[in-house]
Amino acid sequence: YYTTPRSKEANGSTRMKQSSNNRANLQTTAIDELLTSGRVVRWRWQSWKAGGKLTKVPLDRTGSYAASAKDPRNWLPPEAALEIAVKQESLDGLGVSLYSSEGGVPHDLVALDLDSCRDPTTGALVDWAQVIVTRLDSYTEGTPSGTGVRVWCRATGVPEGKRRASIPNATGTIEGKEPGIEYFRSKGYVTLTGEHLPGTPEIIEERTAEVLELYRTHFPEEP
């Protein structure tokens with residue numbers, strides 16, 4: 001049982017078309033960097049049983065069946081990723097693998113997801129998320145949920161892995177969901193929307209010091 005990304009997030013798809021509906025736009029933003037990274041994977045919303053929860057399932061290069069986002073054989077070549085984005089006039093069903101896999105393209109990308117922090121109608125961020133976005137000051141875009149944002153940075157020598165932490169004493173929770181932050185470095189894959197958050201850079205900035213500071217604040221190492 002599955003549905004396409006477009007039917008799951010119709011409003012997000014419409015905004016995507018307005019913001020990057022040709023190749024020239026893709027080439028002048030951080031989206032071009034990500035699409036040409038050699039790490040793009042296809043995905044779709046899928047439920048493993050009737051009426052079950054929908055999850056973002058990575059696919060093979062043809063988009064035909066479920067596959068591992070960790071396997072470089074499923075990553076799209078740059079030209080193929082660009083062709084898909086331009087042809088469908090959106091980034092629906094495209095994401096980026098952050099795995100450090102044998103045979104894969106080396107990278108210094110870090111993705112930070114801020115969950116339950118954005119008003120889906122106005123796009124306004126709650127205070128705790130705005131502080132993080134301002135501090136990192138790098139390319140930021142809305143996530144498919146409509147209530148989160150993802151900050152992309154470049155960093156070296158930072159901890160690897162995928163971690164999530166709640167935001168204690170957070171105010172302004174969106175739709176009653178638990179606010180939190182997710183950290184991706186050398187593990188996992190994340191979606192692309194191209195819904196650039198106004199006021200943030202259009203490029204992915206080098207932010208090693210800032211990423212380390214944020215990591216130590218929200219993910220203190222266990223004794």
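The largest nonpolar core of this predicted model comprises 27 residues, of which L114 and I181 touch the most other members. Two or more residues are given to this core by each of the elements β5 (109–115), α6 (127–136), β7 (149–154), β9 (180–185) and α7 (208–218), and the largest share, five residues, is contributed by α6. Such a grouping may be read against the general tendency of nonpolar side chains in soluble globular proteins to be buried together.

The surroundings of L114 illustrate how this core is assembled: when neighbours within four places in sequence are left aside, L114 is in contact with W128, A129, I132 and V133, as well as with G148, V149, G180 and I181. Apart from the largest core lies another one, which consists of 22 residues and includes A81, L94, A111 and Y139.

The packing of α6 and α7 was examined next. The axes of these two helices come within 9 Å and cross at roughly 150°; because angles over 145 degrees count as roughly antiparallel, α6 is described as roughly antiparallel to α7. The crossing in which α6 passes α7 is right-handed. On the side of α6, the contact is made by I132, R135 and L136, whereas α7 takes part through E210, V211, E213, L214 and H218. Sorted by class, the residues in this contact of α6 with α7 are four nonpolar, one polar and three charged. I132 thus appears both among the residues of α6 that make the contact with α7 and among the contacts of L114.

Conventions. Residues numbered from 1 in each chain as written. Predicted model: local features only at pLDDT ≥ 70, side-chain atom pairs only at ≥ 80, totals over all residues. Heavy atoms only, no water. Core = buried A, V, L, I, M, F, W, Y, C linked by side-chain atoms within 4.5 Å. Buried < 20%, exposed > 50% of the residue type's maximum accessible area, 1.4 Å probe, protein only. Helix = DSSP H or I, 4+ residues; strand = E, 2+ residues; numbered from the N terminus. Contact = heavy atoms within 4.5 Å. Axes fitted to C-alpha atoms, helices over the stretch in contact; angles between N-to-C directions. Parallel < 35°, antiparallel > 145°, perpendicular 65-115°, else oblique. Left-handed = near helix turned anticlockwise from the far one by under 90°. Nonpolar A, V, L, I, M, F, W, Y, C, P; charged D, E, K, R; others polar.
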